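Me: I've got a model open and want to check the wording used for it. Can we go through a few of the labels?

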Amino acid sequence: MNKHPLTIIVGAGIGGLTAAACLLKRGLPVRVFEQAPTLGEVGAGIQSSANAVKVLYDLGLREELEQTVVRPQAFEFRRFDTAELMHRIPLGQEHERRNGAPYFHIHRADLHELLAKAVLKMDPHCIALDARATGFEEDSDGVTLHLADGRRETGDVLVGADGIKSAIRAQILGPTPVSYTGDVAWRAVIPTDRLPADIMDTVSTVWCGPKKHAVMYYLRARKLMNFVGLVEHAHPENESWTQVRPWADLKADFEGWHPTIQTVIDAIDRDGCYRYALNNRAPVDNWSTARATLLGDAAHPTLPYLASGAAMAIEDGEILARCLAACDNVPDALQSYQNSRMDRTAAVVRESTENRDLYRIEDEDEMRRAFHAKNMSKTRSEWLYSYDPLTVPLAGAKEHT
């Protein structure tokens, strides 16, 4: 195989840019095609555990990350009305000691900007904007990406990192079943100077209650509060993160919940409430062809009930780059990548889905028993946070030293 295969990446989101940076760091050429006319990211907060932070540090982003991230001391799970603590997962120094890297919160746009700068520093010309992918063709010699404007771009490897509505996913997998979870997600970001200084410790708090739950944590060195509200809703809507919905509807959804939640909701800009549907997609048993593969949400769309969707995309980028650097040909590399990632990402998808029921238990005593039985502090340390994308053995590949 050409030891420097050209990888074409569709999508310049978190996963696509991480993959590009990991490949370029290894001296492998990359072209990234992004349908948006400008390079940027929407959304709000990301929670990044040690397994993902290790990749970001390996890309040389440690110093810049420290200027903006928040290091929470714990995950706290509290009852929606009384604030009773149901479970606590230590983070902070304990997380770093156990797993070799910190746990932090970061604004999605900040992480995206850092990754884009890292990619463009290594290759100023590798990202093409206003380039919407429509499909691809491949043969034994390479792969050709089709763009909406009629262009054809040829390379050795194609990576669909274009999200849940991926054109590359649609061609590889065909139609895949989508089921509405019954939840919509509210999101908003609030400047903390609008809130009482002592409203919440530096933690990530999940407020658990009947038919809904809410997540709150700080961003940008505690200058912002991130709010996400997951609410059962009879009618699904679009999955777009940019749909503005009435503040009064958000306020009504959390009527009767704890005063802390009321204070945060009251501080939200009335035109700054976004709401979108949460759809579930079962894990698939294949997401690759001989020369094309998927990454991040295009491969394994994940509900936000485990705070690990972005982390899985970051892991994907590192493992894909390692496989392409290690294997003697593209088909073997993509098979090794898929085999290395499929079981882990499926476990995250399943765990995320199951957590919804845990957070929604109505009876207080039953909720206490359920959290005690699950013991997330122990289980997440055993398999989720302890994973190291930089060193974990690759399936079916012997890495060159």
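Me: Why are α2 and α9 called oblique to each other?
Reply: Keep in mind that this is a predicted model. Helix α2 (residues 50-58) and helix α9 (residues 309-326) pack at an angle of about 45°, their axes 9 Å apart. Roughly parallel would need an angle under 35 degrees, and roughly perpendicular runs from 65 to 115. The pair is therefore oblique. As for hand, the crossing of α2 and α9 is left-handed.

Me: What makes the contact between them, residue by residue?
Reply: On the α2 side you have N51, A52, V55 and L56, and α9 brings A311, M312, I314, E315 and E318. Sorted by class, that contact of α2 with α9 has six nonpolar residues, two charged and one polar.

Me: Next, the sheet. Why do β7 and β17 count as edge strands?
Reply: The open sheet has five strands in the order β7-β2-β1-β11-β17, with parallel pairing. β7 (127-128) and β17 (292-294) each have a single partner strand, so one side of each lacks a neighbour in the sheet.

Me: How do you know that β11 and β17 pair?
Reply: Two strands pair if there are at least two bridges between them, and β11 (residues 157-160) and β17 have three, in the parallel sense. In one of them, V159 has T293 of β17 as its bridge partner.

Me: And R281, in the loop between β16 (274-280) and β17: why is R281 called buried or exposed?
Reply: Buried means under 20% relative accessible area. R281 has 7%, so R281 is buried. Leaving out residues up to four places away in sequence, R281 touches I164, R169, P177, V178, E239, P301 and V349.

Conventions: Residues numbered from 1 in each chain as written. Predicted model: local features only at pLDDT ≥ 70, side-chain atom pairs only at ≥ 80, totals over all residues. Heavy atoms only, no water. Axes fitted to C-alpha atoms, helices over the stretch in contact; angles between N-to-C directions. Helix = DSSP H or I, 4+ residues; strand = E, 2+ residues; numbered from the N terminus. Parallel < 35°, antiparallel > 145°, perpendicular 65-115°, else oblique. Left-handed = near helix turned anticlockwise from the far one by under 90°. Contact = heavy atoms within 4.5 Å. Nonpolar A, V, L, I, M, F, W, Y, C, P; charged D, E, K, R; others polar. Buried < 20%, exposed > 50% of the residue type's maximum accessible area, 1.4 Å probe, protein only.
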